[in-house]
Amino acid sequence: MGLPFLVPRVLSLALVLLISLLVHLRREIEAALPRTAKGHRSLLAVVLVLGLVLRLNGPFAHAVYMDEWSYLEGARTLLLTGRHELCRDGIVLQCAVTGGTSDPTGYPLAAAMTFSLAGVGAGQAMVLNLAAGIATIGAVYLLALVLLRRPWAALAAAILMATLPLHVRHSSTAGTEVVSLFMVTVALLCAALVPLIPRRTTLGAAILTAILAVSVRPENLLVLPLAALFAARGSGRRLVRSPVAVLATIVLVLPLVSSRAGAAEAWSFSLAYVAGKINYLYFWAGLTTHLTPLFHTPVLAILALGGVWELRRRDRATLGLLTTWFGSFFVVYLAYVLSASYRFMLTCYPPILLLAGLGAEGVANRAGGSKGGALALAALLVAVVPALPTGLDPGDQHHVFQPEVDFLVAATRHLPPGCTIVTFNPFLVTFVTDRPALDIGLGEVAFDRSSRGGCLALFEDSFCSWRPNENSDPERCDFYHRNFELEEVRSAVNSRTKTSVSLSILSPRTGS
């Protein structure tokens, strides 16, 4: 059976139980919210529509060259075989060599569920992210209501989430970041409800959402201690300390940890990795690079500082929770401060947006009357709207690598039927071309198959020269040039990387 079969079923059961618990608790959750928030439902609907309109005008393009395709092919494999794994030789349902995957199971499972309803395709996964992006706006609003107890501040936080350019950009990709942010936010929302609704069912919902968040991205393990802090306030402390709650969390999270234990890069976000990569001299660079000029203006930081001032005077415990949320993820992601991996910083934004919403409400209260409301709204718009064009651009990786994917799709039309494509990314090939693929590392398999008359074609893309880590083989494609004759089918030059891209039929070199 194995973990590739077990983990998706554990997560599916957790999802069903979570939905059941939330339906059961719906009236108590509504009663726990501030009564004055009921008058904001129409305004919240307007904010959600605003968020939807912005995201419908997003790029709807892949932002990450390799990762998104592995999630998509993992989802298709899960849908068709019931197992979360990737094929290294062949194609789904006709795979000669299967291999594990370092990808967490949560997002491929969500994509597989979407595929089962709407068909298999990258566009369907992008719609999944679009839905998760809109739902996150609502989750941020509810979390602000629960933690801050200030309906206008919660509405301001929702507006900031709806217009956040980085979130707009990734709500129309096939990456994990938006679904991950949604699950993290819902997990901490459920945890924050535990002191208000001190019941085992509420704690159970918090545990299940935290586990589902961990299943989407490995660094979301940070959610477990964060959720415990959010829940262990007031009357929730006794529930959190329950041995049953601790045991249930361990039992549920263990398969997720075990499923990644054998992958070489499965724990690239481990403490050892982060400690080795972070240069704390870059801390200020991390703040300025990821959290000021690119995806919003400094007005957002000023509003957030206003929120810090408000909470410092009246609710330091909540300020501590929000600071811990931001700080824990920020320190982990600081390892990427010199790269363009801005998408990782999405998880750091909700606590900033909650504080900024509170700061905007403070502006309105100090100015007074309708003038105060207008000033607060203007401050919100200035905070992020000027950067919205950035959110409508798919990003550098798309511009650099998507032409190579387009080249592959066009070039494979000139191959004989059934010809296997040798490539560094077999999951990309199988998903976009629906042709069998062979992992480029299986050179001996390729040589044996070609010697027996099998049709093989080598796809040489940027990964032939790019080294993703220090253990990568810099001559992965040279092996085929040394041992095979190559008959070029199509070729091109990537104008951004200045590297050649080609597809060539392979045949054994004479005398080898």
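A pocket, as I use the word here, is an open set of grid points with protein on both sides within 12 Å along at least five of seven lines.

**Entry 1, the model as a whole.** I note at the outset that I am reading a predicted model. I looked up the secondary structure and found that the protein chain holds 23 helices and seven strands. I then checked burial, and 54% of the 512 residues of the protein chain count as buried. Among contacts in the protein chain with a separation of 6 or more, I find that 75% join residues 24 or more positions apart. For the surface, I recorded about 21,700 Å² exposed by the protein chain, with carbon and sulfur atoms supplying 63% of that area.

**Entry 2, the second largest pocket.** I looked up its volume, and the second largest pocket contains about 540 Å³ of space. Its lining is made by 22 residues, of which I29, L33, G138, L142 and L189 lie closest to the centre. I asked which helix gives the most to this lining, and it is α5, with seven residues. The helices that each supply at least two lining residues include α1 (3–32), α2 (41–56) and α8 (177–193), along with α5.

**Entry 3, a nonpolar patch.** On the surface I found a nonpolar patch of about 360 Å², made by L79, L80, L93 and V120. I traced V120 to the loop between α4 (106–118) and α5 (122–148). Is V120 buried, exposed or partly exposed? I list V120 as partly exposed because its relative accessible area is 41%, and the partly exposed class runs between under 20% for buried and over 50% for exposed.

Terms used
Residues are numbered from 1 along each chain as its sequence is written. This is a predicted model: local features need pLDDT of at least 70, side-chain atom pairs count only at pLDDT 80 or more; totals for chains, interfaces and linings use all residues. Side-chain values use heavy atoms; hydrogens and water are left out. Helices (H or I, at least four residues) and strands (E, at least two) are DSSP runs, numbered from the N terminus. Buried means under 20% relative accessible area, exposed over 50%, partly exposed in between (1.4 Å probe, protein chains only). Contact means heavy atoms within 4.5 Å. Accessible areas come from the Shrake-Rupley method with a 1.4 Å probe; for residues, only the protein chains shown count as cover. Patches are made of residues with over 30% relative accessible area and no salt bridge: like charges are joined within 9 Å, nonpolar side chains (Val, Leu, Ile, Met, Phe, Trp, Tyr) within 5 Å. A salt bridge is a side-chain nitrogen of Lys or Arg within 4 Å of a carboxyl oxygen of Asp or Glu. On a 1 Å grid over the protein atoms alone, a cavity is a set of points where a 1.4 Å probe fits but cannot get out, and a pocket is an open set with protein on both sides within 12 Å along at least five of seven lines; lining residues have an atom within 4 Å of a point. Grid points are joined across faces, edges and corners, and a volume is the space filled by probe spheres set on the points.
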